[in-house]
Amino acid sequence: MANLTHLFKVGQKVRCKNTDFDATTLFDDGVVKEVYEDHIIIHLTELDIDAWYEEGFNMDCVYPAYNF
């Protein structure tokens with residue numbers, strides 16, 4: 001298991017893959033709100049919600065914004 005505190009920082013801009021079947025966009029913009037060793041919490045700005053991402057569950061949907 002990766003230590004996510006080494007991979008993400010609070011305030012980092014990220015893009016999260018939208019997995020809803022009726023989504024209008026493929027990726028949502030977000031900002032890392034909290035970072036822990038095993039999960040991160042991201043504030044999705046377009047939807048105005050906080051989302052929990054963890055390794056082995058949905059972490060494969062999170063990409064740093066500089067990758068785009």
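The legends below describe close-up views of a predicted model.

**View 1. The sheet is open and has 5 strands in the order β4-β3-β2-β1-β5.** Pairing within this sheet is antiparallel. The strands β4 and β5 stand at the edges with a single partner strand each, so one side of each has no neighbour in the sheet. From one strand to the next, the twist averages 40°.

**View 2. The strands β1 and β2 are antiparallel and share 5 bridges.** Strand β1 covers residues 13-17 and strand β2 covers residues 27-35. One position to centre on is V14, whose bridge partner in β2 is G30. V14 is also one of the residues in contact with F8, when the neighbours of F8 within four places in sequence are left aside.

**View 3. The strands β2 and β3 form a hairpin with 3 residues between them.** The two strands run antiparallel and are joined by 5 bridges. Strand β3 spans residues 39-44. Two positions can be followed across this pair: V32 stands opposite I42 in β3, and E34 has I41 as its bridge partner in β3. In a regular strand, side chains alternate between the two faces of the sheet.

**View 4. A salt bridge joins the side chains of D29 and R15.** The N to O distance is 3.1 Å. D29 belongs to strand β2 and R15 to strand β1, so the pair ties together parts that are 14 residues apart in sequence. D29 is partly exposed, with a relative accessibility of 31%. R15 is partly exposed as well, with a relative accessible area of 23%. The count of salt bridges in the model comes to 2; the other view of such a pair follows.

**View 5. K33 and D50 form a salt bridge.** The closest N and O atoms of K33 and D50 are 2.6 Å apart. Because K33 lies in strand β2 and D50 in strand β4, the pair ties together parts that are 17 residues apart in sequence. K33 is partly exposed at a relative accessible area of 42%, and D50 is partly exposed at 39%. Side chains of opposite charge can pair when their charged atoms come close.

**View 6. The largest nonpolar core has 14 residues.** The residues with the most contacts inside this core are F8, I40, I42, Y53 and V62. The elements β1, β2, β3 and β4 each give two or more residues to the core. The largest share, 3 residues, comes from β3. Leaving aside neighbours within four places in sequence, F8 is in contact with V14, V32, V35, I40, M59 and V62. In soluble globular proteins, nonpolar side chains tend to be buried together.

**View 7. H39 is a buried residue of strand β3, with a relative accessible area of 10%.** This value places H39 below the 20% limit, so the residue counts as buried. The side chains of H39 and D38 are joined by a polar contact of 2.9 Å. Not counting residues up to four places away in sequence, H39 touches L4, W52, Y53 and E54. One of these, Y53, is among the residues with the most contacts inside the largest nonpolar core.

**View 8. H6 and H39 are 12 Å apart in space, C-alpha to C-alpha.** In sequence, H6 and H39 are 33 residues apart. H6 lies in the segment before β1, whereas H39 lies in strand β3. H6 is exposed, with a relative accessibility of 63%, while H39 is buried at 10%.

**View 9. N58 lies in the loop between β4 and β5.** The flanking strands are β4 at residues 49-54 and β5 at residues 62-64. N58 is buried, with a relative accessible area of 14%. The N58 side chain reaches the backbone nitrogen of E54 at 3.0 Å. With neighbours within four places in sequence left aside, N58 is in contact with W52 and Y53. W52 and Y53 are also among the residues that H39 touches.

Conventions: Residues are numbered from 1 along each chain as its sequence is written. This is a predicted model: local features need pLDDT of at least 70, side-chain atom pairs count only at pLDDT 80 or more; totals for chains, interfaces and linings use all residues. Side-chain values use heavy atoms; hydrogens and water are left out. Helices (H or I, at least four residues) and strands (E, at least two) are DSSP runs, numbered from the N terminus. Buried means under 20% relative accessible area, exposed over 50%, partly exposed in between (1.4 Å probe, protein chains only). A polar contact is a pair of N or O atoms within 3.5 Å; within protein, one must be able to donate a hydrogen and the other to accept it, and residues adjacent in sequence count only if both atoms are side-chain atoms. Contact means heavy atoms within 4.5 Å. A salt bridge is a side-chain nitrogen of Lys or Arg within 4 Å of a carboxyl oxygen of Asp or Glu. Two strands pair if DSSP finds at least two bridges between them. Axes are lines fitted to C-alpha atoms, for helices over the stretch in contact, and angles run from 0 to 180 degrees between N-to-C directions. A nonpolar core is a set of buried Ala, Val, Leu, Ile, Met, Phe, Trp, Tyr and Cys residues joined through side-chain atoms within 4.5 Å.
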